[in-house]
Amino acid sequence: MRWKDEKNLSGLHGQRMLMYRQGKISNVDTRTAFNPAPASFTTWHPSRQAVVFTTPEASIFFHTVGETREVFYAASDLALYRIEDNIVTTTADISRPDYLDVFPTWSPDGDHLYFCSAPKMPPERFRDIQCDLVRISYDAESGAWGALETVLAAKDTGLSISEPRISPDGRFLAFCMSEYGIFPVFYASSDLYLMDLHRGTYERLDINSDQSESWHSWSSNSRWMVFSSKRRDGLFTKPYFTYIDADGKALGSHSVLSVSGDAASMKLSLDAPSEHTGTGTHLVADGEDVAMVRATLFDSAGNFAYNSSANVTFS
């Protein structure tokens, strides 16, 4: 479906998507007859030739006790904007009238679109909203979509899944799970989980607190993740960093709020040559920059000893 606005562009502030491409900023209105809401929560296809976005019909209401805010989605579909030919399009499995489809993200190879999906609920049943993690295949050359697949079902976890983010190397998928709902930043029950996409298994990360963890993002080498947490006071989110090792274990960030003790143990890890670790892509004959050895110090309680003055030497 092609859509082009011939009217004055200045009269619809907040309704359009700004796109910076090849040194130029363009003002794109993605609204059509089937998706009247403006674009939100965009994700670029790795080819940089298309953008998927949500079209939410969202509202916010307030509680008198506990977390005061609640975001409710009455509707939300996904659509794809093809840049070169200025076309907004969708397919039935990502724009079902009886489902909420949210938080799209592409696999690094661009072959699959991952997102979260839940049956629509009336406002009085907002606590019954629990999202599944699903994916759908996509062929960038032909523009053809495949069949919808369930990756992880809320009925199996008992929790609502949101904010999937795949590591750039394609190995891990980080996501939130909370008791219900779509916006985990508002729920103290929201924790971060990591799925091994090679094995199909997942586990709760050790860096979670008793407050909300959400809004996470990967580093380009797939070894670090930044996330938002309310662990300091339960009110405001602040950024925290954690190192994710090659086995999907998270290290470090849980000790930010407490002073660690003296170093009592050490974990060694080896980053072999890889384009994702910053250590080169292959072995070199002179023996330099072959690999990186990481030494992580822990105190007797198992906390990351970030303020330790202990010296570590290698010979």
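Here are some short exercises on a predicted model, each with a worked solution.

**Exercise 1. The enclosed space**

Find how many cavities of 30 Å³ or more the structure holds, and work out which residues line the largest cavity.

*Solution.* Start with the count: there is 1 cavity of 30 Å³ or more. Next comes its size, and the volume of the largest cavity is about 40 Å³. Now go to the wall. The lining is made by E70, V71, F72, Y73, F126, I129, Y180, G181, I182 and Y187. Finally, sort these residues by character: 8 are nonpolar, 1 is polar and 1 is charged. If you would like to check the sorting yourself, remember that Tyr counts as nonpolar and Gly as polar.

**Exercise 2. The open space**

Describe the largest pocket: how much space lies in it, and which strands each supply at least two residues of its lining?

*Solution.* Begin with the volume, which is about 460 Å³ for the largest pocket. Its lining has 18 residues, and the closest to the pocket centre are T43, T105, W106, R165 and I166. Then look at the strands. At least two lining residues come from each of β3 (40-44), β9 (99-106), β13 (160-166) and β17 (213-218). As a last step, divide the lining by character: 8 residues are nonpolar, 8 are polar and 2 are charged.

**Exercise 3. A sheet with a hairpin**

Work out the strand order of the open sheet that contains β13, then identify its edge strands.

*Solution.* First, trace the 4 strands: the order is β13-β14-β15-β16, with antiparallel pairing. The edges are β13 and β16 (201-204), each of which pairs on one side only. On average, neighbouring strands of this sheet are turned by 25 degrees against each other, direction ignored.

Now take the pairs in turn. Strand β14 (residues 172-178) runs antiparallel to strand β15 (residues 191-196), and 6 bridges join them. To locate this pairing on your screen, pick M177, whose bridge partner in β15 is D191. Moving on, β15 and β16 also pair in the antiparallel sense, over 4 bridges. Here L194 has E203 in β16 as its bridge partner. These two strands, β15 and β16, form a hairpin with 4 residues between them. In the turn, G200 has a positive phi of about 80 degrees.

**Exercise 4. The sheet that begins with β9**

Give the strand order of the open sheet that contains β9, and find which residue in β11 stands opposite Y114.

*Solution.* Start with the order: this open sheet of 4 strands reads β9-β10-β11-β12, and the pairing is antiparallel. Its edge strands are β9 and β12 (144-152), each pairing on one side only. From one strand to the next, the twist averages 30 degrees. Next, look at one pair inside the sheet. Strand β10 (residues 112-119) and strand β11 (residues 132-139) run antiparallel and are joined by 6 bridges. Within β11, R135 is the residue opposite Y114.

**Exercise 5. One tyrosine**

Place Y99 in its strand, and explain why Y99 counts as partly exposed.

*Solution.* First, the location: Y99 belongs to strand β9. Second, the exposure: Y99 counts as partly exposed because its relative accessibility is 25%, and partly exposed covers the range between the 20% and 50% cut-offs. Third, the surroundings: setting aside neighbours within four places in sequence, Y99 is in contact with S76, D77, S117, A118, P119 and K120. Finally, consider S76 from that list: it lies 23 residues from Y99 along the chain, with 7.5 Å between the C-alpha atoms of the two residues.

Definitions and conventions
Residues are numbered from 1 along each chain as its sequence is written. This is a predicted model: local features need pLDDT of at least 70, side-chain atom pairs count only at pLDDT 80 or more; totals for chains, interfaces and linings use all residues. Side-chain values use heavy atoms; hydrogens and water are left out. On a 1 Å grid over the protein atoms alone, a cavity is a set of points where a 1.4 Å probe fits but cannot get out, and a pocket is an open set with protein on both sides within 12 Å along at least five of seven lines; lining residues have an atom within 4 Å of a point. Grid points are joined across faces, edges and corners, and a volume is the space filled by probe spheres set on the points. Two strands pair if DSSP finds at least two bridges between them. Axes are lines fitted to C-alpha atoms, for helices over the stretch in contact, and angles run from 0 to 180 degrees between N-to-C directions. Buried means under 20% relative accessible area, exposed over 50%, partly exposed in between (1.4 Å probe, protein chains only). Contact means heavy atoms within 4.5 Å.
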